[in-house]
Amino acid sequence: MAVRLQEETETSNTSPRSEMLHTALRQLENAFEGLGLAEGFREIIRQSERELTVAVPIYRDDGQISVFTGYRVQHSSARGPCKGGIRFHPGVNLEEVRALALLMTLKCAVANLPFGGAKGGVSVNPAGLSRTELERLTRRYAAMILPILGRKRDIPAPDVNTNAQTMAWLMDTVSMLDGNSTPEIATGKPVALGGSQGREEATGRGVAIATVEALKRQGRDPKEVTVAVQGFGNVGSYAAQILAEEYGAKIVAISDVSGGFYNAKGLNLKPIREHLQAHPAQLLEDYHDNGHFEQISNAELLTLEADVLIPAAIEDQITHENADQIKAGLIVEGANGPTSFEADAILRERGIHVVPDILANAGGVICSYFEWVQDLQSYFWDIDEVRQQLNRAMCRAFEEVWTFAEEHDMDMRSSAYSLAVDRVAYAIQQRGLFP
Ligand code: NAD
């Protein structure tokens, strides 16, 4: 069965523009300033521990040879083995991989996982490769970066344009070269090969939990709020479904790249999800429901009357151009980098509460951590156990970011970044510098 899985960061069909990375790096410098971190620690955190560039030659199906360039960057192992996805995208370059590895360090630290951050990728358009070419590319890339991988060293996962099948090939390649079965070398694998129950829904579930935790602190009952969700892919559709079915929230709007639906009385998500599951190539615009909802654009969705807005599609959706028109009082960032640096300032000024991406969408990497733990122990949890542990980990992370924000009189984004940087710097300090 083709399982659609992505790891702790990006979408399957887009590559984040440098604007998003630029924003994240500005947040990082703000956190350095706020913490008054010594320059030496700032310099350690700004740099990657290790960066590997590899040539990845493969035979094409017609017998020709193509050579692609791949990377694996380990930003930090201060808090544990490096963890991060592998993406196949023509836009992959060393600078992007380096910045994304740093963000993984911060995301793992916010969730207090015993991991550092890494990222990898190959500069390739996977749509131009056949399945067998893709398999050869994955296996050769895995062999080329193997010297720096390891179950206690660096554990990859899926990311943009890679999935559970990619991780199965990677795990098999490492297992063949090692002469041992090593499922713990990667996460986001098919369940049959040591993947975790609940991984597919984990990011959306984490977003739902973060939403409910934020509402609780505002003294609001999820059953009495309306929610608009931009992006009805993996993250958005699970977040919407879980908020509606398990917490009783009213989902008034959803969208995908083709546009969206709105019904002030609440949308019936079940048939929409079933339709999309039955027709994976289709978009929301292909779904018809005899006028039970109004068609809206993505721009309209972002600014409509709803208590909660969940941007769960792509980066840079809330910008200085629309931030002053947002009506939701709470924004929970399912996507990575949906809010620009300038928009963030406008939202803050307007008193709109934002649960930042590195906290809100950490459910995916938390479940990847569970997968790694299960693989190391060769002991597998049932879905209830996974959900319970995910709930506990998300609630704890939320509470820690919330409390840090209260104590230091800052917004949640600054708090999440500060908390993460503080944890990484503390680990570096405690370990000391070798030799
Ligand atoms: P996905 O590809 O499954 O879904 C993306 C959705 O966004 C689709 O419905 C797509 O149609 C829609 N979309 C694409 N372009 C759009 C546009 N211009 N306007 C409106 N909608 C658009 O991806 P996903 O895995 O759900 O990831 C969504 C976001 O969450 C990304 O930012 C990703 O980096 C982030 N994220 C994902 C995971 C994960 O585990 N999947 C983990 C952490 C963060």
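Which residue lies over the face of Tyr238, and at what distance from the ring centre? The legends below refer to a predicted model.

**View 1. Arginines over aromatic rings.** Arg273 is the residue over the face of Tyr238. The distance to the ring centre is 4.7 Å. A second view of this kind shows Arg217 and Trp402. Here the charged end of Arg217 sits over the ring of Trp402, 5.7 Å from the centre of that ring.

**View 2. Phe261 and Phe293, a stacked pair.** The model holds nine aromatic pairs. One of them joins Phe261 and Phe293. Their ring centres are 3.8 Å apart. Their planes meet at 15 degrees, and under 30 degrees counts as stacked, so this pair is stacked. Where do the partners Phe261 and Phe293 lie? Phe261 belongs to strand S8 (residues 259-262). Phe293 is in the loop between helix H8 (269-278) and strand S9 (294-296). The pair therefore ties together parts that are 32 residues apart in sequence. Are Phe261 and Phe293 buried or exposed? Phe261 has a relative accessible area of 1%, so it is buried. Phe293 has 12% relative accessibility, and it also counts as buried, because the cut-off for buried is under 20%.

**View 3. Tyr287 beside Phe293.** Phe293 also forms an aromatic pair with Tyr287. This pair is stacked too. The rings are 6.3 Å apart, centre to centre. The angle between the planes is 25 degrees. Tyr287 counts as buried, at 8% relative accessibility.

**View 4. An aromatic cluster.** Five residues are shown: Phe115, Tyr369, Phe370, Trp372 and Trp381. They form one aromatic cluster.

**View 5. A cis peptide bond before Pro435.** The bond runs from Phe434 to Pro435. The peptide bond is cis, with omega near 10 degrees. Pro435 is found in the segment after helix H14 (412-431).

**View 6. Positive phi at Asn112 and Ser378.** Neither Asn112 nor Ser378 is a glycine. Asn112 has a positive phi, near 55 degrees. Its place is the loop between helix H3 (94-110) and strand S4 (116-123). For Ser378, phi is positive as well, at about 50 degrees. Ser378 lies in the loop between helix H12 (363-377) and helix H13 (383-408). Which of the words buried, partly exposed or exposed fits each residue? Asn112 has 35% relative accessibility, so it counts as partly exposed. Ser378 has a relative accessible area of 59%, so it is exposed.

Technical notes. Residues are numbered from 1 along each chain as its sequence is written. This is a predicted model: local features need pLDDT of at least 70, side-chain atom pairs count only at pLDDT 80 or more; totals for chains, interfaces and linings use all residues. Side-chain values use heavy atoms; hydrogens and water are left out. Rings of Phe, Tyr and Trp (its six-membered ring) pair if their centres lie within 6.5 Å; planes under 30 degrees apart count as stacked, over 60 as edge-to-face and the rest as tilted. Helices (H or I, at least four residues) and strands (E, at least two) are DSSP runs, numbered from the N terminus. Buried means under 20% relative accessible area, exposed over 50%, partly exposed in between (1.4 Å probe, protein chains only). A charge sits over a ring if NZ of Lys or CZ of Arg is within 6 Å of the ring centre and within 35 degrees of the ring normal.
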